[in-house]
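Please open the structure in your viewer and keep the selection tool at hand. The tour below goes from one selection to the next and says what is to be found at each stop.

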Amino acid sequence: MKTKIYGHRGSKGSYPENSMLAFKKAIDAGVDGMELDIHMTKDGELVVIHDATLDRTTTGIGYVKDHTLDQIKALSIGAKFTEFRHYDSSWDLEQVPTLAEALTLFKSHDLEVNIELKTYEVAYPGIEEKMLKIVKDSGYDPNKVVYSAFHLPTLLRIQLLDEQAKTAWLLEHQLPMPDDYLQMLNLEALHVDYKVVLKHPAQWQPIAHQLRIWTVNELHDMKALVDLGVKAIVTDHPEIATMRYSS
């Protein structure tokens, strides 16, 4: 099994993260899949943005949950990235995508998609059900979608709503007997910080085929994880990873 390459928030290392531009650049690079993050707006829409607040990546301020979709769509998701080498004034027109918009793009390129639910800071009642409906309405192949979260109850709620849903637990710490967690929590995969896996690779090797590893940006780390046989690596620089390890 070849290790797959996922764009982390698109091509995050060179373009505005979680923007349609960054997603398109990652697609151009030849990724197998895409990782993105979702939050819920004041009016119950699901938007693609990493932080619970707008301040870092957009021209807005405050929590996503306190703004409507229309208010968020009025913001730029590109204007904060003027320090990037490829910055162009056209980036200022980039808007925060909805989950549905992103899925439409990914589906047209037959990508795998990792939807991370950002539920560990703000409680979004009903976000799991809304997300599953959006994915179903998009017509996306359910075998190509995995739902991940740090907050384990989120994954358990998804499983209750759809027993066929593929779920993955995000981890940034060592886990004793990780295969036991996979089996008993009915997880499709574990999504683990690369530093954790590379610190004790022998511990993780037996379940390497069930590991997606984030965020892998250095070539020597990519090689070590590909040699270990992990399921996928998630990288800010898909244009580099696909050049060396495209499946």
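What follows is a walk through a predicted model, taken stop by stop.

**The helix pair H3 and H4**

Begin by selecting helix H3, residues 99–108, together with helix H4, residues 127–138, which pack at an angle of about 35° with their axes 10 Å apart. Viewed as a pair, H3 and H4 make a right-handed crossing. Now show the side chains along the contact, where Leu-99, Ala-100, Leu-103 and Lys-107 of H3 meet Met-131, Ile-134, Val-135 and Ser-138 of H4. The residues of this contact of H3 with H4 divide into 6 nonpolar, 1 polar and 1 charged.

**Salt bridges**

The next stops concern charged side chains, and a search of the whole structure finds 18 salt bridges. Select Asp-110 and Lys-144 to begin with, a salt bridge in which the closest N and O atoms are 3.8 Å apart. This pair links distant parts of the chain, since Asp-110 sits in the loop between H3 and strand S4 (112–117), while Lys-144 sits in the loop between H4 and strand S5 (145–149), 34 residues apart.

Which side chain meets that of Arg-157 in a salt bridge? Select Glu-128, for the two side chains meet at 3.0 Å, N to O. Arg-157 belongs to helix H5 (residues 152–161) and Glu-128 to helix H4, so the pair ties together parts that are 29 residues apart in sequence. With a surface display switched on, compare the two partners: Arg-157 counts as partly exposed at 39% relative accessibility, whereas Glu-128 counts as buried at 5%.

Move on to Arg-212 and Glu-188, whose side chains meet in a salt bridge at 2.9 Å, N to O. Here Arg-212 lies in strand S8 (residues 211–214) and Glu-188 in the loop between helix H6 (178–184) and strand S7 (189–193), so the pair ties together parts that are 24 residues apart in sequence. Arg-212 is buried, with a relative accessible area of 3%, and Glu-188 counts as buried at 17% relative accessibility.

To finish with the charged groups, select Arg-9, Glu-17, Asp-37, Asp-51, Arg-56, Glu-116 and Lys-118, which are joined into one network by salt bridges that share partners.

**Aromatic rings**

Turn next to the rings, among which the count comes to 8 aromatic pairs. Select Phe-84 and Trp-91, whose ring centres are 6.4 Å apart and whose planes stand at 85°; since planes over 60 degrees apart count as edge-to-face, that is the class of this pair. Are these two rings buried or exposed? Phe-84 is buried, with a relative accessible area of 18%, and Trp-91 is buried, with a relative accessible area of 4%.

A second pair to select is Trp-169 with Tyr-181, which is tilted, with 5.8 Å from centre to centre and 40° between the planes. The pair links distant parts of the chain, Trp-169 being in strand S6 (residues 166–171) and Tyr-181 in helix H6, 12 residues apart. Trp-169 is buried, with a relative accessible area of 12%, whereas Tyr-181 is partly exposed, with a relative accessible area of 30%.

Widen the selection around the earlier pair, and Tyr-15, Phe-81, Phe-84, Tyr-87 and Trp-91 appear as one aromatic cluster.

**Single residues in loops**

Select Thr-68, which lies in the loop between strand S3 (46–48) and helix H2 (69–73) and counts as partly exposed at 23% relative accessibility. Leaving aside its neighbours within four places in sequence, Thr-68 is in contact with Thr-41, Lys-42 and Asp-43. A distance drawn from Thr-68 to Thr-82, C-alpha to C-alpha, spans 26 Å, although the two are 14 residues apart in sequence.

The tour ends with two backbone details, and for context, most residues other than glycine have a negative phi. Met-177, in the loop between S6 and H6, has a positive phi, near 50°, and this residue is exposed, with a relative accessible area of 60%. Asn-186, in the loop between H6 and S7, also has a positive phi, near 55°, and counts as partly exposed at 48% relative accessibility.

Notes
Residues numbered from 1 in each chain as written. Predicted model: local features only at pLDDT ≥ 70, side-chain atom pairs only at ≥ 80, totals over all residues. Heavy atoms only, no water. Axes fitted to C-alpha atoms, helices over the stretch in contact; angles between N-to-C directions. Helix = DSSP H or I, 4+ residues; strand = E, 2+ residues; numbered from the N terminus. Left-handed = near helix turned anticlockwise from the far one by under 90°. Contact = heavy atoms within 4.5 Å. Nonpolar A, V, L, I, M, F, W, Y, C, P; charged D, E, K, R; others polar. Salt bridge = Lys/Arg side-chain N within 4 Å of Asp/Glu carboxyl O. Buried < 20%, exposed > 50% of the residue type's maximum accessible area, 1.4 Å probe, protein only. Phe/Tyr/Trp six-rings, centres within 6.5 Å; stacked < 30°, edge-to-face > 60°.
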